[in-house]
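User: Could you take me on a close look at one part of this protein, the stretch that a record lists as a binding site? I'd like to know where its residues sit and how open they are.

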Amino acid sequence: MPREVSSSVRAVVRVRPLLPFEVDAGHESCCQVSDERSILVRVGSGHQWRKYIFDACLPEDRAQKQVFQDSGVSYLLDEALAGYSATVLAYGQTGSGKTYTMMGRSVSSERSSPDEFSKKSDDGLILRAARRLFRQMGTLDGFCGGDGSSEG
């Protein structure tokens with residue numbers, strides 16, 4: 001949720017977990033979420049850390065549904081329906097998790113059967129936002145496999 005209604009820009013950081021091949025290679029995470037608004041980033045290969053403060057920091061164990069709820073996208077959708085412009089921008093280095101956050105696992109080859117497309121737990125912000133918008137407009141039933149439930 002936004003700190004204040006008058007705030008026009010919010011910065012939300014999501015830390016992705018290490019991938020299996022990174023763990024196998026002995027890599028360690030260079031980022032740690034210290035609380036809901038700050039993140040620690042390791043400087044170089046040393047043991048020094050720098051602290052950065054954002055509007056929200058989401059740790060690596062945060063589920064897609066929680067990211068949708070905690071990032072303020074629901075607020076943006078409400079504002080968009082009220083006639084205001086709203087944008088969500090995913091920014092970061094290649095491989096940092098932007099596509100997964102925005103699109104979910106449905107874009108990857110890991111879903112091998114049609115049944116796996118009905119799972120909503122890995123849906124990204126875009127599909128969740130579309131569901132919410134259509135639900136708020138009263139037309140979600142039958143769209144995107146939606147059942148009209150209030151899942152985010």
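Analyst: Happy to! The stretch comes from UniProt, where an unreviewed entry lists G92, Q93, T94, G95, S96, G97, K98 and T99 under "binding site". Please keep in mind that you are looking at a predicted model.

Let's start with T94, one of the listed residues. T94 lies in the loop between helix 3 (73-81) and helix 4 (98-103). Is T94 buried or exposed? T94 has a relative accessible area of 76%, and because exposed means over 50%, T94 counts as exposed.

Now move along to T99, which also appears in the UniProt list. T99 is found in helix 4. Its relative accessibility is 49%, so T99 is classed as partly exposed; the cut-off for exposed is over 50%.

Y91 is worth a look as well. Y91 is placed in the loop between helix 3 and helix 4, and Y91 is exposed, with a relative accessible area of 76%. What lies 9.6 Å from Y91 in space, C-alpha to C-alpha? That is V13, and the two residues are 78 residues apart in sequence.

Finally, a word on confidence. The chain averages a pLDDT of 82, and 77% of the residues score at least 70. Among the elements of the chain, helix 3 has the lowest mean pLDDT, at 89, while strand 4 (residues 49-53) has the highest, at 96. As a general caution, predicted coordinates should not be read in detail where pLDDT is low.

Note on methods: Residues numbered from 1 in each chain as written. Predicted model: local features only at pLDDT ≥ 70, side-chain atom pairs only at ≥ 80, totals over all residues. Heavy atoms only, no water. UniProt positions renumbered as here; feature names shortened; annotations may be inferred. Helix = DSSP H or I, 4+ residues; strand = E, 2+ residues; numbered from the N terminus. Buried < 20%, exposed > 50% of the residue type's maximum accessible area, 1.4 Å probe, protein only. pLDDT = per-residue confidence, 0-100.
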